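Visitor: Please pick a single part of this model and go through it closely. I am a first-year student, so explain the terms as you use them.

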Amino acid sequence: MRSEELGETLLPKRIALPIFASDPLSSVAYATEEILLVLTVGGTAFLYLTPWIAGGVVALMAVVVMSYRQVVHAYPDGGGSYEVVTSNLGDRPGLVVAAALLVDYVMTVAVSVASGVDNIISAFPSINSARVPMAVGFVALLAAVNLRGVRESGRAFAAPTYLFIGGIMLMVITGSIKTIFGHAPVASSAAYAIIPIDHKNTLAGLGLLMLALRSFASGCTALTGVEAISNGVPAFRPPKSKNAATTMAAMGITAVVMFVGITALALISKVHKTDDTCQLLGYPGDCHTASQPTVIAQLAASIFGGDHSFLFYFIQAVTALVLVLAANTAFNGFPLLASILAQHRYLPRQMHTRGDRLAFSNGIIALAVVNILLLWAYKASVNNLIHLYILGVFTSFTLSQIGMVRHWNELLETETDPSARNAAKRSRVINGFGACVTALVLVIVMITKFTQGAWLAVVAALVLFGMMRGIRRHYDAVAEELSVDDPHAEAVRPAKVHGIVLVSKIHKPTLRALGYAQAFRPDTLEALSVAVEKDATDELRTQWTEFDIQVPLKVLDSPYREITKPVVAYVRTVKRSTPRDIIAVFIPEYVVGHWWEHLLHNQSALWLKSRLLFTPGVMVISVPWQLSSAPRADHPARRAPGSVRRGEPVRSGSPKDSDNA
């Protein structure tokens with residue numbers, strides 16, 4: 001796609017919802033499960049806390065969604081939390097948010113894909129041993145689809161997301177109707193007793209509070225990905241802010257309804273879910289190798305007539321699919337944020353480059369590679385990965401809301417319109433309340449999850465923070481070093497140009513390099529060879545005389561049969577003797593058409609160039625010689641109709657087309 005077609009990739013709300021909101025929408029598939037997993041540490045005695053914890057998660061979701069709607073309107077150029085914090089609190093807090101978000105995007109892919117694989121295994125337990133290859137395959141597939149472009153990935157992922165929403169709503173409505181008419185669903189695990197880890201079952205006071213807080217922190221996984229819409233506002237169709245805010249509201253309402261419905265049905269059907277299947281008293285089969293069905297699987301089986309019904313398989317299929325596709329939120333958010341950071345010189349500039357489908361290809365590939373390694377290291381286990389999750393989310397939530405409060409304060413200092421001032425005051429109250437709530441949750445998450453593995457996420461964020469600051473220092477130092485104060489002083493011509501043509505034997509590449517060097521008309525020109533084998537050197541001297549080549553030949557001795565060191569030493573000696581001169585070194589090189597031919601040619605040239613390029617005042621010039629395999633490998637690249645490759649004549653078109661060519 002041509003750069004001018006970027007506007008055609010802008011998204012309508014119906015496609016933006018599955019692209020940017022598939023993560024928070026799909027999180028309801030495991031948020032309830034995470035609450036239950038923590039509470040069952042004491043058996044079934046503490047499951048009565050579930051409604052209160054779920055209510056806290058719902059309230060928090062509402063606060064965060066309302067707060068980010070203010071961000072969307074105030075910062076329509078995207079960047080989300082990073083842009084808000086950098087603009088209002090400074091570069092360092094902005095980098096903290098960026099590092100936290102990058103880590104969280106990585107974890108979004110890992111947890112979503114691992115959870116999706118869990119749901120597939122719940123329907124087909126026999127494939128449990130293929131967990132890691134399946135997860136890795138899904139990540140590779142997601143990366144491939146996203147490399148096709150944002151709009152194309154949105155179309156591919158829209159149907160599964162809407163099918164998931166429809167399937168969960170159908171399950172909630174059907175289960176609610178059955179309950180109202182006295183036929184409440186009963187989960188398969190309802191008959192299993194839970195062996196409490198705390199056998200005395202005497203948790204009270206501070207211990208009970210910590211258990212509830214830990215369960216709440218795990219349930220807050222339902223909020224992951226909420227900020228993705230604020231990062232991707234530029235991808236929406238105009239009016240961008242309004243459409244993004246509407247999409248965020250739709251996402252929040254849908255996620256809350258599904259989460260409340262799943263949690264209520266889990267309590268009604270008495271779902272019992274534990275970290276360790278061996279805690280379930282009466283569980284059939286080998287608890288050491290078998291995996292317990294997910295909460296969604298148990299609900300679908302109890303509501304739709306067993307685990308072999310069509311609707312059971314439908315719910316499992318769309319849940320697994322949307323959980324895998326939820327990683328797409330990160331595949332859109334991570335490259336966008338990385339592109340902004342690269343533009344600000346905190347990440348390598350390649351992250352800001354769009355591919356031929358106008359997607360940030362380097363960011364997509366980097367995210368995929370990191371996640372493949374992470375899933376392999378953690379064996380694609382949700383229970384192992386979940387503890388590294390959501391810490392970054394609430395770090396960005398808290399700092400961005402504080403930044404928004406400062407934004408409204410600065411606006412109120414200059415704004416005189418009464419209606420605008422009232423709107424700013426309302427927004428300040430919303431963001432201020434959001435900052436307090438999310439800061440409290442951040443503390444809870446830090447306390448309850450740090451020792452369980454969240455410390456790794458903290459370390460990763462700190463490493464990223466230090467790395468980004470180092471990259472910025474490097475780019476700043478390079479920019480300062482390359483800056484021009486006086487163009488006339490910087491553009492001083494060298495006193496002389498001394499040309500050196502590297503020669504191994506007399507053949508066509510050597511003669512082309514000599515002719516090319518002579519066309520440059522250097523002030524002095526010589527051919528340089530290294531005496532590695534006496535017979536070959538004698539033959540070179542003889543042929544040089546016979547062919548009457550009008551360029552002096554200098555041969556360097558090399559008693560240890562090295563080529564690179566003698567050449568580099570000679571070039572540096574010449575440079576030291578004439579410091580104001582430029583040394584131009586011409587190196588004949590083969591151009592080959594097959595990858596394996598690279599292993600057979602140009603190794604000496606590669607080492608010579610790598611050494612000479614570090615020598616000030618030395619110019620290295622490659623003179624290519626195309627072997628017979630090279631032209632056959634030179635296939636024209638696929639390109640959009642009407643595009644012109646550099647160097648091609650324009651066959652038809654307007655004067656504007658000719659100018660572009």
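Guide: What follows looks at helix 22, its cover and its salt bridge, and then at the wider setting. This is a predicted model, in which local features need pLDDT of at least 70 and side-chain atom pairs count only at pLDDT 80 or more, while totals for chains, interfaces and linings use all residues. Residues are numbered from 1 along each chain as its sequence is written, and side-chain values use heavy atoms, with hydrogens and water left out.

Helix 22 spans residues 603–612, and its buried residues are Ala605, Leu608 and Leu612. Helices (H or I, at least four residues) and strands (E, at least two) are DSSP runs, numbered from the N terminus. Buried means under 20% relative accessible area, exposed over 50%, and partly exposed in between (1.4 Å probe, protein chains only). The three buried residues lie on the same side of helix 22, because they cover an arc of only 65° around the axis. That arc is taken from the directions from the helix axis to the C-beta atoms.

Their cover includes strand 3 (497–502), helix 20 (564–577), strand 6 (582–591) and strand 7 (618–626). Contact here means heavy atoms within 4.5 Å.

Strand 6 is also joined to helix 22 by charge. The side chains of Glu589 and Lys609 form a salt bridge, at 2.8 Å from N to O. A salt bridge is a side-chain nitrogen of Lys or Arg within 4 Å of a carboxyl oxygen of Asp or Glu. Side chains of opposite charge can pair when their charged atoms come close. This pair links distant parts of the chain, with Glu589 in strand 6 and Lys609 in helix 22, 20 residues apart. Glu589 counts as buried, at 13% relative accessibility, whereas Lys609 is partly exposed, at 21%. Elsewhere, salt bridges that share partners join Arg345, Arg472 and Asp476 into one network. The structure holds eight salt bridges.

As for the wider setting, the largest nonpolar core has 141 residues. Such a core is a set of buried Ala, Val, Leu, Ile, Met, Phe, Trp, Tyr and Cys residues joined through side-chain atoms within 4.5 Å. Helix 4 (residues 91–123) gives the most to this core, with 19 residues. Apart from the largest core lies another, of 17 residues, including Leu528, Val568, Val574 and Val585.
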